[in-house]
Amino acid sequence: MLCTRLTNARFLTMDPDHPLAHDLGIWRGRIVGLDEAVTSLPAREVTDLQGATVLPGFVDAHVHLTWTGFKQNTPSVAGCTRVDDVLARVEEAVTRKGSPGTWVSIAGYDQRALGRHLTAAELDKVSHGHKLYVMHDSGHGCVVNSAVLDLLPAGVPHENGFLAEGAMGAARSLRLPYAQGELAEAIGRAARACLAEGVTACAEAGVGGALLGHSPVELGAYQLARDKGLLPLRVQLMVAADTLHPVAAHERDGIPRALDLGLRTGFGDDRLSVGALKIFTDGGMMARTAALTAPYEGLDHAGQLQDDPDVLAGTIVDGHLAGWQLAVHAIGDRAADVALDALERAQRLRPRPDARHRIEHAGLIRPDQLPRFARLGVTAVVQPNFLRYFGDDYAAIMGEERAPWLYRGRAFLDHGVPLVGSSDRPVTDGSPLRAVQFMVERTSASGRAIGPGEGITVDEALHAYTVAGARACHWEDDLGSLTPGKRADLVVLGDDPRRVDTARIGDIEVVQTYVDGHATGRPAA
């Protein structure tokens with residue numbers, strides 16, 4: 001007897017051997033058959049989906065759940081276009097705090113809306129004895145007041161209170177760690193937001209590190225969230241590379257640096273596991289710190305690498321030798337060169353054909369770099385909604401020649417490079433459907449076409465958020481398609497993305513999500 005049979009639906013299975021179905025049978029959390037194989041079988045529960053479209057649950061291969069959860073409950077200056085308005089909101093948040101000396105976090109900061117960065121002196125006027133930490137929306141910088149600057153180690157660089165990249169990490173480290181219970185609650189809030197958008201599995205892009213980690217024991221917070229029933233979807237955790245340390249492994253193992261006990265990619269189960277090693281090579285375009293080979297349009301600099309190229313390469317090689325899948329953050333084309341050079345060197349030293357190393361973001365990729373991606377078998381994990389919401393700005397700072405190279409789609413596929421969709425939530429909108437829409441039409445929210453030649457088909461975009469996402473996370477045996485034997489993770493939609501006008505894809509209703517064959521509750525409107 002089936003546990004559940006879902007019927008009267010249009011199942012887009014993403015399985016070329018059985019691309020469409022009308023019935024789907026579930027037993028003990030797995031898909032056991034489609035159509036005639038299950039239609040006549042008895043079931044404890046039969047659910048009529050009333051003609052809805054059903055897809056495999058979306059896989060978001062690059063998110064920040066903890067950060068997302070905290071941001072939801074953090075005072076924000078988003079939407080402010082005047083410095084005075086920002087400072088007024090900061091002061092309002094400060095007045096709600098208790099005794100002076102405590103930390104006050106502010107979210108939603110983006111200097112582009114103001115025309116310049118805030119300064120420590122300006123924050124001092126509204127801090128009233130508190131330590132202020134104003135987080136840049138990109139996650140690659142922050143502005144702090146003098147009370148924080150006074151606590152930083154000597155030599156930490158800043159620009160009138162604005163700290164970028166590693167300097168930001170120095171400020172973050174002053175206030176760690178959060179309590180595991182607090183982290184677990186934040187994770188739960190973000191997980192529910194993912195489910196509401198049809199995401200049933202995701203990869204947390206960096207735990208435990210100085211740049212975007214929240215605690216040295218952050219992995220334990222995810223275990224706590226699971227124990228408390230706060231983790232209703234599948235999560236794979238990328239471990240920050242700065243948590244590696246030298247180990248006394250046997251010389252035949254060839255492992256120069258590792259986590260304690262040799263923990264690496266693959267540890268865990270189908271609900272919570274350790275994924276790739278996260279390695280930062282550069283910053284971000286919003287903060288103008290992505291490392292380019294030529295300066296930003298209208299600026300006199302080309303961004304920055306996170307460290308000396310040889311140091312970055314050494315970390316990449318060591319991670320590969322230790323058996324990790326690597327997720328290398330590289331947004332600018334110069335950073336991509338560093339990443340590709342190091343990955344090529346690593347594969348020469350110890351060939352691992354199915355390592356499935358990833359370049360996270362791949363924000364600006366030159367034409368000559370595309371064959372190298374393909375030759376090395378590197379996956380491109382892109383964030384289409386970056387261009388949907390920030391595309392006008394990104395195109396302007398790249399200039400006419402480079403704008404078509406931003407967050408590519410067609411060129412990757414034409415070169416045989418696996419293309420994976422993701423959100424980088426909460427940097428921008430997490431909706432896979434809105435991202436799919438952009439991948440097809442390549443139009444920003446203002447209507448500007450950005451690299452229209454990089455547009456792909458709806459089927460290819462859905463593939464990037466299902467089959468390709470699952471494979472990038474080593475989940476292809478269980479997730480990514482509605483195939484008998486796989487987990488019954490699926491999303492019920494109010495319309496078929498392949499049948500509506502492209503401009504309507506992002507507005508399709510997410511009616512329900514299922515994880516392990518169980519409805520997770522109707523998403524909040």
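Phe 386 and Tyr 407 are both buried. Keep in mind that this is a predicted model. A search of the whole structure turns up five aromatic pairs, and I will go through two of them, beginning with Phe 386 and Tyr 407. Their ring centres are 5.6 Å apart and their planes stand at 75 degrees; the cut-off for edge-to-face is over 60, so this pair is edge-to-face.

Where do Phe 386 and Tyr 407 lie? Phe 386 is in helix α12, residues 384–402, while Tyr 407 belongs to the loop between α12 and α13, and α13 covers 410–414. The pair therefore ties together parts that are 21 residues apart in sequence.

Next, Phe 390 and Tyr 394. Their rings are 6.0 Å apart, centre to centre, with 45 degrees between the planes, and the pair is tilted. Both residues lie in α12, four residues apart, which is about one turn of the helix. Phe 390 and Tyr 394 are also both buried.

Put these together and you have one aromatic cluster, made of Phe 386, Phe 390, Tyr 394 and Tyr 407. Phe 390 has a further neighbour: the charged end of Arg 112 sits over its ring, 5.0 Å from the centre.

On to the sheet. It is an open sheet of four strands, in the order β9-β10-β11-β12, with mixed pairing. At the edges are β9, residues 103–109, and β12, residues 162–164, each of which pairs on one side only. From one strand to the next, the twist averages 25 degrees.

Which way do the strands run against each other? β9 and β10 pair in the parallel sense, over five bridges. One position to look at there is Ile 106, whose bridge partner in β10 is Val 134. β11, residues 141–144, and β12 run antiparallel and are joined by three bridges. In that pairing, Cys 142 stands opposite Leu 163 of β12.

Helix α4, residues 120–127, packs on this sheet, where it touches β10, residues 131–136, and β11. The direction of α4 makes about 130 degrees with that of β10.

Is β10 buried or exposed? Six of its six residues are buried, so the strand is largely enclosed by the rest of the structure. In a regular strand, side chains alternate between the two faces of the sheet. For β10, Lys 131, Tyr 133 and Met 135 point one way, and Leu 132, Val 134 and His 136 point the other way. The buried set includes Lys 131 and His 136.

Now a helix pair. α7, residues 180–196, and α8, residues 218–227, pack at an angle of about 65 degrees, their axes 8 Å apart. The crossing is right-handed. On the α7 side the residues that meet α8 are Gln 180, Gly 181, Leu 183, Ala 184 and Ile 187. Facing them from α8 are Gly 220, Ala 221, Tyr 222, Leu 224 and Ala 225.

Last, a residue elsewhere in the chain. Glu 45 is in strand β6, residues 43–48. Its relative accessibility is 44%; buried means under 20% and exposed means over 50%, so Glu 45 counts as partly exposed. Leaving out residues up to four places away in sequence, Glu 45 touches Cys 3, Thr 4 and Arg 5. Pro 19 is 26 residues from Glu 45 along the chain, and their C-alpha atoms are separated by 25 Å.

Conventions. Residues are numbered from 1 along each chain as its sequence is written. This is a predicted model: local features need pLDDT of at least 70, side-chain atom pairs count only at pLDDT 80 or more; totals for chains, interfaces and linings use all residues. Side-chain values use heavy atoms; hydrogens and water are left out. Two strands pair if DSSP finds at least two bridges between them. Helices (H or I, at least four residues) and strands (E, at least two) are DSSP runs, numbered from the N terminus. Axes are lines fitted to C-alpha atoms, for helices over the stretch in contact, and angles run from 0 to 180 degrees between N-to-C directions. Contact means heavy atoms within 4.5 Å. Rings of Phe, Tyr and Trp (its six-membered ring) pair if their centres lie within 6.5 Å; planes under 30 degrees apart count as stacked, over 60 as edge-to-face and the rest as tilted. Buried means under 20% relative accessible area, exposed over 50%, partly exposed in between (1.4 Å probe, protein chains only). A charge sits over a ring if NZ of Lys or CZ of Arg is within 6 Å of the ring centre and within 35 degrees of the ring normal. A crossing is left-handed if the near helix is turned anticlockwise from the far one by less than a right angle, and right-handed if clockwise.
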